[in-house]
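Let's read a protein model together, one feature at a time. Bring your questions, and we will begin with a single residue.

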Amino acid sequence: PVWAIGTGKTATPEDAQETHKIIRDWVSKTCGAAIAKDLRIQYGGSVKGASAEKMALQPDIDGFLVGGSSLKDDFLDIIANAEKGLAARK
C-alpha cells in the first residue's frame, strides 16, 4: 500500500482496519478460523504517538512495525498510546 514503511504516508485507522480485516478474512477462509483468530497482523505504515491509540483500537490491528519513529522521542508516546488502545479493546 502507499502507506507502507518508509513512505511517510499514514493510513486512516479505518483504511488500515479494512486492509487488516481483508487479510484476516482470507486467512480464515484459507487456513481456518482458529488460525485467523490467533494470527497477529501488524500495521506496517507510518505511526506516530498521536495516531497510535486510534490505530490500536482497531480490532484487526495487533501491533506496529515502527520504522524511523523508533529512533525519536515520540517512540515512547507510540508505546504508551498503543497500550491504551489495546487495553480499551479488552
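**Reading the model, residue by residue**

A: Let's start with Lys54, which has its place in helix α3. Keep in mind as we go that this is a predicted model.

Q: Is Lys54 buried or exposed?

A: The general idea is to look at the relative accessible area: over 50% is exposed and under 20% is buried. Lys54 counts as exposed because its relative accessibility is 56%.

Q: How far apart are the C-alpha atoms of Lys54 and Asn81?

A: For a question like this, compare separation along the chain with separation in space. Lys54 and Asn81 are 27 residues apart along the chain, and 8.4 Å separates their C-alpha atoms.

Q: Where does Pro59 lie, and is Pro59 buried or exposed?

A: Pro59 sits in the loop between α3 and β2 (63-64). With a relative accessible area of 52%, Pro59 is exposed.

Q: Which residues does Pro59 touch, leaving aside those up to four places away in sequence?

A: A contact here means heavy atoms within 4.5 Å. Once residues up to four places away in sequence are set aside, Pro59 touches Gln17 and Arg89. Arg89 is 30 residues from Pro59 along the chain, with 7.3 Å between their C-alpha atoms.

Q: And Gly45: buried or exposed?

A: Gly45 is in the loop between β1 (42-43) and α3. Its relative accessibility is 4%, so Gly45 counts as buried. The C-alpha atoms of Gly45 and Asp60, 15 residues apart along the chain, are 15 Å from each other.

Q: Let's step back to the fold. How many helices and strands does the protein chain have, and in what order do the elements run?

A: The protein chain has four helices and two strands. Starting at the N terminus, the order is α-α-β-α-β-α.

Q: What does the radius of gyration say about the protein chain?

A: The idea is to compare the value with the one expected for a compact globule. For 90 residues that would be near 12 Å; the protein chain has 13 Å, which agrees. Along the principal axes, its C-alpha atoms fill a box of roughly 40 × 30 × 20 Å.

Q: Which residues make up the largest nonpolar core?

A: In soluble globular proteins, nonpolar side chains tend to be buried together. Here the largest nonpolar core has 11 residues: Ala11, Ala16, Tyr43, Val47, Ala52, Met55, Ala56, Ile61, Phe64, Ile78 and Ala82. Helices α3 (49-56) and α4 (74-89) each supply at least two residues of this core. The largest share, three residues, comes from α3.

Q: What share of the 90 residues is buried, and what does the protein chain expose?

A: Buried residues account for 32% of the 90. The protein chain exposes about 5,700 Å², and carbon and sulfur atoms supply 59% of that area.

Q: How many positive and negative side chains are there?

A: There are 12 positive and 12 negative side chains, and the centres of the two sets are 3 Å apart.

Notes: Residues are numbered from 1 along each chain as its sequence is written. This is a predicted model: local features need pLDDT of at least 70, side-chain atom pairs count only at pLDDT 80 or more; totals for chains, interfaces and linings use all residues. Side-chain values use heavy atoms; hydrogens and water are left out. The radius of gyration is taken over C-alpha atoms; the globule rule is 2.2 Å times the number of residues to the power 0.38. Buried means under 20% relative accessible area, exposed over 50%, partly exposed in between (1.4 Å probe, protein chains only). Accessible areas come from the Shrake-Rupley method with a 1.4 Å probe; for residues, only the protein chains shown count as cover. Lys and Arg count as positive and Asp and Glu as negative; His and the chain ends are not counted. The place of a charge is taken as NZ of Lys, CZ of Arg, CG of Asp or CD of Glu. A nonpolar core is a set of buried Ala, Val, Leu, Ile, Met, Phe, Trp, Tyr and Cys residues joined through side-chain atoms within 4.5 Å.
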